[in-house]
Each structure stands twice: as structure tokens, then as C-alpha cells.
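Biologist: I am new to this structure and should like to understand the terms used to describe it. May I ask for the reasoning behind each one?

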Amino acid sequence: MNLSIPLVQPLLAAAAASGQGIIKPLGHHELLLLLLQLALLLFMARGLGEFMRRIDLPPVVGELLAGVLLGPSLFGLILPDLQAHIFPKSQTQSDLLSVVSWLGVLFLLIVTGIETDLNLIVRKGRTALLISLGGIVVPFVTGLGLGWLIPENFLANPSQRLVFCLFIATAMSISAVPVIAKVLMDLKLIRRDIGQVTLAAGMADDTIGWILLSVVSGLATSGQFNVNTVVSAVSGAIIFLGVALTLGRTVVDKILRWVDDTIGGATAALSIVLILALSAAALTHSLGIEAALGAFVLGILAGQSRRFSREAGHTLEIITAGFLAPIFFAAAGLKVNLLQLLEPQTFIVGMLVLAVACFGKFIGAYLGSRVGGLGHWEGLAMGAGMNARGAMEIIVATIGLSLGVLGPQMYSIMRHGGDRNVSHGTSLIALDPFQSCDR
């Protein structure tokens, strides 16, 4: 390996001199930082996750907290130079960590899909849809009203108050399916009826929410309502789900059967499921809907196949829970700086945004549950479960900042609110409401 380096360098120099484009390999320093980041994030996330488990809270709370502690809130406060060196504000370094984080999201949704009972979701489809609609309409309305009350200095462009209000309303309507799934798995509730309904409602909520976000983002960019964006996103989601749950179900089952008969073993089954799931994620992403939807649906189809290796599913779950998911949640918390909330006006507005976000989602999901035929305790559980936002709200805040919709103060509030919603939702889920369900 080392003998080839002197031979390669003259070729690179000659190519550079001739004007040919050279794609540089990943630098030594960038790779070193990525490895340090992954080791540190995983150590803190797993350690705090186990601590949370011992005090009867979902480990995901500790995994998010790990990122917060390693960010500017604590590590950056105590040892700012070291923190800035390990977690530099570099786009390249951030993108490297984001790739690992996105793998965590997709793997988590594949595992969730495998654990999902499709027949139960079909039976409970009406209830899940009502919960989803309630969880979108109420927070959207309350968020829209809140947007008009927020002081003008929190707006990036005061002349676009309506766009700002629509963006805030949309952000409050979105739930985080990866967070919901992780909490349900941590609490061993994913196979129970209430867990399956929560997943179905969360996925519907997420899909509609991201479609709303694409519409509002288009409005912020072009200054006008884009009907084509709405039609394309909605029709793409409907067509994908329709084909996947009918023809796709047969195709995936035949592929798994062929792999099992021709190659056999858990390794082959795991590889083909990952290939199919990542391809489906790429497809839904290209259609303008969330990549996670494709991974989730392929996980469902794989789990429904009688030829899918349970050993492969267990291996995938171990990899996800032990490595990729903790990295995803810790990396999301890494972006939070609690020190920015010390300014009095920002703190007051932040608490107001948090209260309205939690109230709107909780009440909306609760009312949808009751209309859908669920009991009081089940409604409380749904209200708590649908309140998980976390990294999804951080992504929404980043989009808002890049589009010039959010100012720096509002961006900080929404990022911090994402982690608080996770803590609030998971704490409530861990309490009595779920204990009264499925009886």
C-alpha cells in the first residue's frame, strides 16, 4: 500500500497540471475527527441511555441529552477550544456526520417496519387517520395564531409575516416517526395495539406534515402558492403506497424467497432487505416525499414475508440500537445551545412556543383518538406519543433559516424546542396511560 503512494503522486500532479478535475480522497484530519466524533457520541449516548433506562425513562432521552452535553451548552462552555476542535463548524465535517445520522434514521425505520403488523394497521386505519388529522389540524391552527403574536424582531423578514406564521404552524404539526419508534421499542410497546396505532398515525402525520412543509417552503421561495408541488407530493405518496402494499408485497416476497432458496442464510437476507429498503428510500425522496417513508414501508413488506429470516431481523435491530440510532439522536442534540436561551425575551418566547406546541399536538391527538373510538387513557397515551419531534424539528428549523423565514432567535428556539418535545413526550409515554391500554 505504501509502495504505491510515490507512484500515484506524480500521476495526480500531472493530471492537475493538465487541467483535469481531481476528486480528492477524504482527508486524514477529516477522517480522524469523524472517528473521534463517532466514538465520543456513542460512548455518551449509550452511557446516558442506560442510565435513563435504570430510572424508568426511555434511553432515547439520554441519547439526545448526550449530544446536548457534548455541544456548546456544557462541553463548549467548559473546554471551548477542545470542543471546537473535535466538533468544528465545518460543512464538510458536518456532512460526514450527517450521513451516519441519516443511516441511523433509515435503519431505525426499517426495523420499525419489520416490527409493524400491517393487518392491524389496516383494521385500525380509520382510527389512525383521525388521530393524525387531529394531531395536524389543532397544532396548525394554534401555531398559526402564535405566529401572529411573536414579536417582529424574531422574524427574518417582517414583511412576510403570513409566510412566517404558516411555517411555524407547519413545524408544530410534524411529528418524528424515528423518535416515536425508538421510544416504543425502548418501552417494549411496539407490538401492542396502541403502539401499532401510534406508528400508523405518526407515519400519516409525518407524510402530511412534510407535504405541508414543501408547500410552505415553495411559498417562501417563490412568493406564490405552487399547486404543482402539492399535487406532485400527494399523488406521489398515494401511488407509492398503493403499488407497494399490493404489487410490491408480492415482489418483495418473491425476491426474499429466491434469495433464501439460492443463497440462504441470515447474511443474504439482511443484505437484500437493506438493498430494497435503501432503494425505496431513494425512490420516495425523488418523489418529493420523505425518504424515511420508503424505508419504513419496505421494512413492513419484509416483515410480512414468511421467508424473511428472523435472525437477520434481530441482527439489524442490534446494529441499529447499539450503534446507528444512538449516533442519530446524539448528533441531533449536538446542535443545541441552551446558552442562547438565557436572554429574557428569547426565554419567554421559547417557553410560549414550547407550551403551544405541546398543547396543540396533545389536544389534537387526544380528540382524534376519542372520535376514533379509543378510550380516555388511550387518548392520553396517543397525545403523549405524538408529541415527539426531536431531530425533525431541528431539520425544519434549519430549512426555515436557509429560506430566510426564521431569524437567529427563532431558529434557536425551534431547535431547542425539538429536544424539549422529545423529553416531554417520552416522559409522558413512560407514565400510566400506556399501562391502561390494550385491556
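Modeller: In this predicted model, Leu74, Leu77, Ile78, Leu79, Leu82, Leu339 and Leu342 form a nonpolar patch on the surface, and together they have about 660 Å² of accessible area.

Biologist: What makes Leu339 partly exposed?

Modeller: The relative accessible area of Leu339 is 35%. Partly exposed residues lie between the 20% and 50% limits, so Leu339 counts as partly exposed. Leu339 is placed in the loop between helix H15 (310-334) and helix H16 (344-371).

Biologist: Why is Arg161 called buried?

Modeller: Arg161 has 15% relative accessibility. Buried means under 20%, and therefore Arg161 is counted as buried. Arg161 belongs to helix H9 (residues 161-173). Beyond its neighbours within four places in sequence, Arg161 has contacts that include Trp148, Ile150 and Leu155.

Biologist: How do you know that the side chain of Arg161 makes a polar contact with the backbone oxygen of Gly147?

Modeller: The side chain of Arg161 reaches that backbone oxygen of Gly147 at 2.7 Å. A polar contact requires N or O atoms within 3.5 Å, so this pair qualifies.

Biologist: Why is the pairing of Arg257 and Asp253 called a salt bridge?

Modeller: The closest N and O atoms of Arg257 and Asp253 are 2.7 Å apart. The cut-off is 4 Å, so the pair counts as a salt bridge. Both residues lie in helix H12 (residues 227-262), four residues apart, about one turn of the helix. Asp253 counts as buried at 17% relative accessibility, whereas Arg257, at 30%, counts as partly exposed.

Biologist: What makes Arg46, Glu50 and Arg53 a network?

Modeller: Glu50 meets Arg46 in a salt bridge at 3.3 Å, N to O, and Glu50 also meets Arg53 in one at 3.5 Å. Each value is within 4 Å, so both pairs count, and Glu50 takes part in each. The three residues are thus linked in a network of salt bridges. Glu50 and Arg46 are four residues apart in helix H2, and so are separated by about one helical turn. A search of the whole structure finds five salt bridges.

Biologist: Which elements have the lowest and the highest mean pLDDT?

Modeller: Helix H20 (residues 432-435) has the lowest, 40, and helix H2 (residues 28-54) the highest, 92. Over residues 423-439 the pLDDT is below 50, although this stretch has 41 contacts beyond near neighbours in sequence in the model. Where pLDDT is low, predicted coordinates should not be read in detail.

Key. Residues are numbered from 1 along each chain as its sequence is written. This is a predicted model: local features need pLDDT of at least 70, side-chain atom pairs count only at pLDDT 80 or more; totals for chains, interfaces and linings use all residues. Side-chain values use heavy atoms; hydrogens and water are left out. Helices (H or I, at least four residues) and strands (E, at least two) are DSSP runs, numbered from the N terminus. Buried means under 20% relative accessible area, exposed over 50%, partly exposed in between (1.4 Å probe, protein chains only). A polar contact is a pair of N or O atoms within 3.5 Å; within protein, one must be able to donate a hydrogen and the other to accept it, and residues adjacent in sequence count only if both atoms are side-chain atoms. Contact means heavy atoms within 4.5 Å. Patches are made of residues with over 30% relative accessible area and no salt bridge: like charges are joined within 9 Å, nonpolar side chains (Val, Leu, Ile, Met, Phe, Trp, Tyr) within 5 Å. Accessible areas come from the Shrake-Rupley method with a 1.4 Å probe; for residues, only the protein chains shown count as cover. A salt bridge is a side-chain nitrogen of Lys or Arg within 4 Å of a carboxyl oxygen of Asp or Glu. pLDDT is the predictor's confidence in each residue, from 0 to 100.
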